[in-house]
Amino acid sequence: MGGLVTVLKEIEKMKRLLAVIKTEDIFLKYRDTPIGYLFEYHNLNRPFETYSKAQLLIGMCMDNRKHLQIPDNFSYIIRAGGGNLRYSEFKVSYAIGVGGVKCIALIGHTQCGMVNLIERRELFIQGLVDNAGWQREAAEEHFMQFAPMFEIGNEIDFVLSEAKRLRLRYPKIQIAPLLYRVEDNLLYLIQEN
Ligand SMILES: [Zn+2]
């Protein structure tokens, strides 16, 4: 039963994603913008151009399974659990104010450890005790203090809500909520309503 629920959830998720396997699949609003080029470089093997300054800011998870195919100097990248930029605001402002970027790609991903973080509570605590030499009590306190800040619930809903928040915060900046599927290492557009 649990397996079936997982499969159904996966199908629901896929319905909200749009694959990009050719240039025409990219939303018109992103085509010929740094977001569009991000898709072309990563998904469509567009030959790398030379850049002297960053074209965009990418916010993505710290997860080790993801590697973007993009040219040198193409992008600022902030990596944080779940691609959560709520605690990186000064860095976002720096990329915009000083770096001059005009758009942000927010990249969530499948199988993210920040989804249902609470389920990994014991693993987290025991891991800190065994691997870092922490006292159990301190590890428990640490988890309980920070887990609610980093829990993202569902990766797609989370990037959509982050996009909404960032659009209000930086109204002139284009914000693109995207998803990276670790199953095929490709970037997907997310249907927004
Ligand atoms: Zn993640």
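## Close-up views of a predicted model

**View 1. The zinc ion and its protein donors.** In this predicted model, the zinc ion is held at 2.0 to 2.3 Å by three protein atoms, namely SG of Cys61, NE2 of His109 and SG of Cys112. Along the chain these donors follow the spacing C-x47-H-x2-C. Cys61 belongs to the loop that runs between strand 2 (56-60) and strand 3 (75-79), whereas His109 belongs to strand 4 (residues 103-109), so the pair ties together parts of the chain that are 48 residues apart in sequence. Cys61 is buried, with a relative accessible area of 4%, and His109 is likewise buried, at 1%.

**View 2. From the zinc donor His109 into strand 5.** His109, the residue that offers NE2 to the zinc ion, has Tyr180 of strand 5 as its bridge partner. This bridge joins two strands, 4 and 5, that pair in the parallel sense over 7 bridges. Strand 5 (residues 174-181) is mostly covered, with 7 of its 8 residues buried.

**View 3. The hairpin of strand 5 and strand 6.** Strand 5 also pairs with strand 6 (residues 186-190), here in the antiparallel sense and over 4 bridges. Two residues of strand 5 illustrate the register: Leu178 has Leu189 of strand 6 as its bridge partner, and Leu179 has Tyr188. In a regular strand the side chains alternate between the two faces of the sheet. Between the two strands of the hairpin lie 4 residues, and Asn185 takes a positive phi near 60°.

**View 4. The sheet as a whole.** The 6 strands form an open sheet of mixed pairing, in which their order is 1-6-5-4-2-3. Strand 1 (17-19) and strand 3 stand at the edges, and because each has a single partner strand, one side of each is left without a neighbour in the sheet. From one strand to the next, the twist averages 35°.

**View 5. Helices on the sheet.** Helix 6 (residues 155-169) packs on the sheet and touches strand 1, strand 4, strand 5 and strand 6, its direction making about 165° with that of strand 5. Helix 2 (residues 34-44) lies across strand 2, strand 4, strand 5 and strand 6, and runs at about 145° to strand 6.

Key:
Residues numbered from 1 in each chain as written. Predicted model: local features only at pLDDT ≥ 70, side-chain atom pairs only at ≥ 80, totals over all residues. Heavy atoms only, no water. Donors = N, O, S within 2.8 Å, 3.2 Å for Na, K, Ca; no water. Buried < 20%, exposed > 50% of the residue type's maximum accessible area, 1.4 Å probe, protein only. Pairing = 2+ DSSP bridges. Axes fitted to C-alpha atoms, helices over the stretch in contact; angles between N-to-C directions. Contact = heavy atoms within 4.5 Å.
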